[in-house]
Amino acid sequence: MNYSFDFTPVLAAWPMLLEGILGTLRMSSLSMVFGLTLGIVFMMMRMSRQPVLRTIAIGYIELIRNTPILVQVFFVFFGMPAIGLRLSGEQAAILAMTLNCGAYAAEIVRGGVQSIRPGQIEAGRALGLHTADIYRFIVFRPAIRAVYPALCSQFILMMLNSSLVSSVSAEELTYFAQTLDSQTFRSFEIYLTLGVIYLVLSQFFSAALSMIGRVYFSYPTK
């Protein structure tokens with residue numbers, strides 16, 4: 001093998017890679033926040049007694065969960081201009097990842113809500129709590145606590161899947177790595193570094209989110 005390893009171009013391009021990391025974190029974080037909000041809305045529709053709302057929620061959830069996220073990104077970026085909605089690469093990426101996250105978050109949160117015993121809600125009513133306080137303290141917070149690890153895993157998975165949005169020129173980490181590769185032709189060094197960066201980000205956020213969970217959800221369960 002005559003290949004000469006040279007990481008100098010990668011090290012010299014650290015400002016570009018840093019910009020890519022920030023882009024990845026920005027898109028992943030916004031998509032997770034919007035997706036969780038959307039997921040709670042569709043979770044409530046999914047559990048509604050109204051057949052129309054329940055059917056819409058089931059249709060959305062099944063459609064998103066049973067199609068590849070790359071196809072969803074392509075549909076938003078390439079397909080939606082046909083109906084007059086043109087988005088930039090980053091806007092399309094955030095919208096597609098939000099829709100994807102919302103479907104998974106709806107099912108994750110629904111599992112947490114269904115784990116709350118009816119007796120707990122009845123006890124809250126007996127204590128004279130308002131409906132908003134019942135849902136805030138008795139339903140949603142314990143439900144989020146129950147599914148918090150799954151939501152953390154969903155965030156990390158979304159951060160890793162954000163590499164797919166480079167295909168629509170969304171400026172995140174993989175996009176800049178591909179740009180650097182086209183300039184230097186150091187594919188081995190670039191994509192090895194890219195993999196290490198994603199691994200470090202995953203491990204960092206896994207530890208950080210776990211620590212946040214221990215602090216925020218440190219109250220007793222019984």
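This section describes the annotated regions, nonpolar core, aromatic pairs, largest pocket and selected loop residues of a predicted model.

The UniProt record, an unreviewed entry, assigns residues 21-209 to "domain: ABC transmembrane type-1". In the model, this stretch is 81% helix and 0% strand, and its end C-alpha atoms are separated by 18 Å. The same record applies the annotation "transmembrane region" to residues 20-42, 63-85, 146-170 and 190-217. Of these spans, residues 20-42 are 100% helix and 0% strand, with 32 Å between the end C-alpha atoms. Residues 190-217 are 96% helix and 0% strand, and here the end C-alpha atoms lie 40 Å apart.

The largest nonpolar core comprises 56 residues, and the most contacts inside it are made by Met 27, Val 165 and Leu 173. Two or more residues each are contributed to this core by helix 2 (14-46), helix 3 (51-65), helix 4 (69-79), helix 5 (89-114), helix 7 (131-161), helix 8 (173-184) and helix 9 (187-216). Helix 7 supplies the largest share, with 13 residues. The surroundings of Leu 173 illustrate how parts of the chain meet in this core: beyond residues up to four places away in sequence, Leu 173 touches Leu 17, Gly 20, Ile 21 and Thr 24, as well as Leu 194, Ile 197 and Tyr 198.

Aromatic side chains were examined next. Eight aromatic pairs are counted in the model. One of them joins Phe 77 and Phe 78, whose ring centres are 4.9 Å apart and whose planes meet at 85 degrees, an edge-to-face arrangement. The two partners fall into separate accessibility classes: Phe 77 is partly exposed at a relative accessible area of 22%, whereas Phe 78, at 53%, is exposed because its value is over 50%. A further edge-to-face pair is formed by Tyr 175 and Phe 176, with 5.4 Å between the ring centres and 80 degrees between the planes. Tyr 175 is partly exposed, at 22% relative accessibility, while Phe 176, at 9%, is classed as buried because its value is under 20%. In addition, ring pairs connect Tyr 3, Phe 5 and Phe 188 into a cluster.

The largest pocket has a volume of about 360 Å³. Its lining consists of 13 residues, among which Met 32, Leu 36, Ile 144, Tyr 148 and Leu 151 lie nearest the centre. Helix 2, helix 7 and helix 9 are the elements that each give two or more residues to this lining. The greatest contribution is that of helix 7, with six residues. Helix 7 thus provides the most residues to the pocket lining and also the largest share of the nonpolar core.

Backbone geometry was considered at two loop positions. Ser 169, located in the loop between helix 7 and helix 8, adopts a positive phi of about 65 degrees although it is not a glycine. This serine is partly exposed, with a relative accessibility of 48%. Phe 185 occupies the loop between helix 8 and helix 9 and likewise has a positive phi, near 60 degrees, in a residue other than glycine. At 66% relative accessibility, Phe 185 is exposed because this value is over 50%.

Notes
Residues are numbered from 1 along each chain as its sequence is written. This is a predicted model: local features need pLDDT of at least 70, side-chain atom pairs count only at pLDDT 80 or more; totals for chains, interfaces and linings use all residues. Side-chain values use heavy atoms; hydrogens and water are left out. A nonpolar core is a set of buried Ala, Val, Leu, Ile, Met, Phe, Trp, Tyr and Cys residues joined through side-chain atoms within 4.5 Å. Buried means under 20% relative accessible area, exposed over 50%, partly exposed in between (1.4 Å probe, protein chains only). Helices (H or I, at least four residues) and strands (E, at least two) are DSSP runs, numbered from the N terminus. Contact means heavy atoms within 4.5 Å. Rings of Phe, Tyr and Trp (its six-membered ring) pair if their centres lie within 6.5 Å; planes under 30 degrees apart count as stacked, over 60 as edge-to-face and the rest as tilted. UniProt positions are given in the numbering used here, feature names are shortened, and annotations may be inferred rather than shown by experiment. On a 1 Å grid over the protein atoms alone, a cavity is a set of points where a 1.4 Å probe fits but cannot get out, and a pocket is an open set with protein on both sides within 12 Å along at least five of seven lines; lining residues have an atom within 4 Å of a point. Grid points are joined across faces, edges and corners, and a volume is the space filled by probe spheres set on the points.
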